[in-house]
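Reader: I should be grateful for a close look at one part of this molecule, namely the second helix and its links to the rest of the chain. Please define the terms as you go.

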Amino acid sequence: MFSYQDQFSAATKSNLQAQLDLINTLTAKAFEGVEKIVELNLSAAKASLEESATAAKQLASAKDAQELLALAASQAQPGAEKAAAYGRHLASIVSATQAEFTKAAEAQVAETSRKVGALIDEISKNAPPGSEQAISLLKATLSNANAGYEQLTKSTKQAVETLEANLSNAAKQFTAAAEKTVATTRAKK
């Protein structure tokens, strides 16, 4: 039979390894998210440069001020739509990365809680009389830690949902403003 010290030592080693595994997983997920954002930004920059060159050629070939305004107005709507699409894509990447973080952390917390709970149960079976209070304290500590984690998870999810809603609203407002500008410019013709 193992002594309590051996049980705690084994549990500590197991917990440390699980934490290292979680850190590795979260780091990999973070790099994947950053890689997707960099890829999105490079793609958007390339497309923007190409479109800017085309637009500059069109604007330079305008014969008069009205044609110049008409060309500028015709480019406002697609630009607003592309900006809105960029915002949605960025929000999607952030949301997916956060979901992966949450999934990995939840799995780790659940596994650690299970192992610690099993260890506490094993200790309580072999505990000497009079140690009930200490075991109750350990169980309460585990329960409080789990409750704190659940609250943190809920808060993180709410923050991401708020970010997504704000990005969506900003994209809608930007598109509406661009549409209004285009409509105003066309009405002046």
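Author: The account below begins with the whole chain and then turns to the second helix and its partners. The model is predicted, so that local features need pLDDT of at least 70 and side-chain atom pairs count only at pLDDT 80 or more, while totals for chains, interfaces and linings use all residues. Residues are numbered from 1 along each chain as its sequence is written, and side-chain values use heavy atoms, with hydrogens and water left out.

The chain has three helices and zero strands, in the order α-α-α from the N terminus. Helices (H or I, at least four residues) and strands (E, at least two) are DSSP runs, numbered from the N terminus. Of the 189 residues, 19% count as buried; buried means under 20% relative accessible area, exposed over 50%, and partly exposed in between, with a 1.4 Å probe and protein chains only. The chain exposes about 13100 Å², and carbon and sulfur atoms supply 61% of this area. Accessible areas come from the Shrake-Rupley method with a 1.4 Å probe, and for residues only the protein chains shown count as cover. A contact means heavy atoms within 4.5 Å. Among contacts between residues at least 6 apart in sequence, 80% join residues at least 24 apart.

Helix H2 covers residues 65–126, and Thr97 lies in it. Thr97 is buried because its relative accessible area is 18%. Leaving aside residues up to four places away in sequence, Thr97 touches Lys29 and Gly33.

Salt bridges provide further links. A salt bridge is a side-chain nitrogen of Lys or Arg within 4 Å of a carboxyl oxygen of Asp or Glu, and the structure holds five of them. One joins Glu51 to Lys82, with the closest N and O atoms 2.7 Å apart. Glu51 lies in helix H1 and Lys82 in helix H2, so this pair ties together parts that are 31 residues apart in sequence. Glu51 counts as partly exposed because its relative accessibility is 35%, and Lys82, at 44%, is partly exposed.

Another salt bridge lies within helix H2: the side chains of Arg114 and Glu111 meet at 2.6 Å, N to O. These two residues are three apart, about one turn of the helix. Glu111, Arg114 and Lys115 are linked in a network of salt bridges. Glu111 has a relative accessible area of 33% and is therefore partly exposed. Asn15, which lies in helix H1, is 96 residues from Glu111 in sequence and 9.6 Å from it in space, C-alpha to C-alpha. Asn15 counts as partly exposed, at 28% relative accessibility.

A link to helix H3 is formed by Asp121 and Lys139, a salt bridge whose closest N and O atoms are 3.9 Å apart. The pair links distant parts of the chain, with Asp121 in helix H2 and Lys139 in helix H3 (residues 132–188), 18 residues apart. Asp121 is partly exposed at 38% relative accessibility, and Lys139 is partly exposed at 41%.
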